[in-house]
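User: I would like to go through this structure one topic at a time. Please keep the answers short and show the reasoning.

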Amino acid sequence: MKEKVSGSVREIVPAVIREMSLRAAAYDNVISLGIGEPDFDTPPEICRSALKDAIDGYTHYTPSRGDDDLIEALRRYIRNSRNIALDPAQLAVTHGGMGALIAGLRAILDPGEEVIVIEPHFPSYRAQVIFAGGTPVYVPTDFGDRFVVRPERVARAITPKTKAIIINSPNNPTGAVVPGPVLDEVAHMAMDHDLLVISDEVYDRLAFEGPYESIYVRPGMAERTLVVHSFSKSFAMTGWRIGYCYGPPWLMNEVVKVATYFTSCPSNVGQRAALAALRAESGQFERMARAFKDRCSLAYHRLKEMPGVRVHPPAGSFYIFPDLGEITQDSTQFALELLDREQVVVIPGSAFGPSGKTCIRISCTVETGLLAEAMDRIERFVSRCGGRNS
Ligand code: PLP
């Protein structure tokens, strides 16, 4: 039979990040700086608590909006950490941050509507906008600006079809943190043009320079912003698949409606683990965040000494995104040769959009000894290229 795949699904290529991991399986002694997840395991007390809850019967569907205990704990957590007071109707627990993005985009988009995506970007945005019937419109950023978006470029990308802007700060893959004044300008634009904003804040606890700034708290933005969060990165809980989002009640009702029909509800035991994480000693998560910061700093100091490599000090997340434009114009080939010759996995920057073409993404998610060894290997490879790749 002729394959009858939807055009929108066919146009999305397999994820490069997973592809690189598959290739790496053919090599020995590999150091993977590829996949974007903490190397820390979920703290045992959280696992034990979730296991106990499962034995006690938390094994059924929960309300689609999420476990009532978790919703309450999240309201408290958001009030204490962000000074934002939310009604229960403004919050929903989702299948990872990914579930919040999918439900949010599906809830707001009609066919042909445009979503402004600032790139380099988390690759799922493009796929999800397209799967929801929308059209992603790229706004580039520059290495020279530390990959912080220039508001005038966002302004130029707005058309009568624009429905929303996605902001991701700290950013995957660049580590960029969007400063307050830029958020102010984007907020004004959203108000002037009556646009929604999806603010992906899954790395908020990994902002290295000063208090976290969110577009949600700008005047008038609470009624037009969907904030996306996750337990994956900051609590080392990727496999539990729990995220959450908040926004205006009218939008949250529709987000929950979509999530209900797509997934019924998030995993019950996963939500109990998330609840345990909010009740756990928070110092352990701060220590994880500090470890990521120290590792990014180590990678930065090593990379900036390598010939032909340009890199900025990291501002947040656990990624570092050096530019290798003096060595290669093809980051995919660089990444493949680096794997082949030195068994280090990095992700070609082109996987995140055209502005990343000459960059690579390095996840600082291995302990410092191994990271230092990976830097030795990268340095050897870069020097062997004589500052120039084939
Ligand atoms: N948003 C960003 C920017 C990410 O990097 C990721 C995961 O890599 C997600 C959202 C989704 O994370 P999860 O679904 O594990 O919560």
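User: Which residues form one aromatic cluster?

Analyst: This is a predicted model: local features need pLDDT of at least 70, side-chain atom pairs count only at pLDDT 80 or more, and totals for chains, interfaces and linings use all residues. Residues are numbered from 1 along each chain as its sequence is written, and side-chain values use heavy atoms, without hydrogens or water. Rings of Phe, Tyr and Trp (its six-membered ring) pair if their centres lie within 6.5 Å; planes under 30 degrees apart count as stacked, over 60 as edge-to-face and the rest as tilted. One cluster is made up of Phe-40, Tyr-203, Phe-292, Phe-318 and Tyr-319.

User: What kind of pair do the rings of Tyr-77 and Phe-235 make?

Analyst: There are 15 aromatic pairs in the structure. For Tyr-77 and Phe-235, the ring centres are 6.4 Å apart and the planes stand at 65°, so the pair is edge-to-face.

User: How many residues apart are Tyr-77 and Phe-235?

Analyst: Helices (H or I, at least four residues) and strands (E, at least two) are DSSP runs, numbered from the N terminus. Tyr-77 is in helix α4 (residues 68-82), while Phe-235 is in the loop between β7 and β8. The pair links distant parts of the chain, and the separation is 158 residues.

User: Are Tyr-77 and Phe-235 buried or exposed?

Analyst: The cut-offs are under 20% relative accessible area for buried and over 50% for exposed, with partly exposed in between (1.4 Å probe, protein chains only). Both Tyr-77 and Phe-235 are buried.

User: What kind of pair do Phe-321 and Phe-352 make?

Analyst: Their ring centres lie 6.2 Å apart. The planes are at 80°, so the pair is edge-to-face.

User: How many residues apart in sequence are the parts that Phe-321 and Phe-352 tie together?

Analyst: Phe-321 sits in the loop between β9 (319-320) and α12 (331-342). Phe-352 sits in the loop between β11 (347-348) and β12 (360-363), so the parts they tie together are separated by 31 residues.

User: What is the relative accessibility of Phe-352?

Analyst: Phe-321 is buried, with a relative accessible area of 4%. Phe-352 also counts as buried, because its relative accessibility is 0%.

User: In which order do the three strands of the open sheet lie?

Analyst: Two strands pair if DSSP finds at least two bridges between them. In this sheet the pairing is antiparallel and the order is β9-β12-β11. Each edge strand has a single partner, so one side is left without a neighbour in the sheet; these edges are β9 and β11.

User: Which residue in β12 is the bridge partner of Pro-348?

Analyst: β11 and β12 run antiparallel and are joined by two bridges. Across them, Pro-348 is matched with Ile-360.

User: How many residues of strand β7 are buried?

Analyst: Strand β7 covers residues 225-230. Thr-225, Val-227 and His-229 point one way, and Leu-226, Val-228 and Ser-230 point the other. In a regular strand, side chains alternate between the two faces of the sheet. The strand is mostly covered, and its buried count is six of six.

User: Which residue in β8 is the bridge partner of His-229?

Analyst: Strand β6 (residues 196-200) pairs with β7 in the parallel sense over four bridges. There, Asp-200 is partnered by Val-228. Strand β8 (residues 242-246) pairs with β7 in the antiparallel sense, also over four bridges, and the partner of His-229 is Tyr-244.

User: Which element gives the most to the lining of the second largest cavity?

Analyst: On a 1 Å grid over the protein atoms alone, a cavity is a set of points where a 1.4 Å probe fits but cannot get out; a pocket is an open set with protein on both sides within 12 Å along at least five of seven lines, and lining residues have an atom within 4 Å of a point. The second largest cavity is lined by Tyr-77, Ile-78, Ser-81, Arg-82, Asp-204, His-229, Tyr-244 and Tyr-246. Both α4 and β8 supply at least two of these residues. With four residues, the top contributor is α4.

User: What is the volume of the largest cavity?

Analyst: Grid points are joined across faces, edges and corners, and a volume is the space filled by probe spheres set on the points. The structure has three cavities of 30 Å³ or more. The largest is lined by 16 residues, with Ile-118, Phe-147, Asn-168, Asn-171 and Val-178 nearest its centre. Its volume is about 140 Å³.
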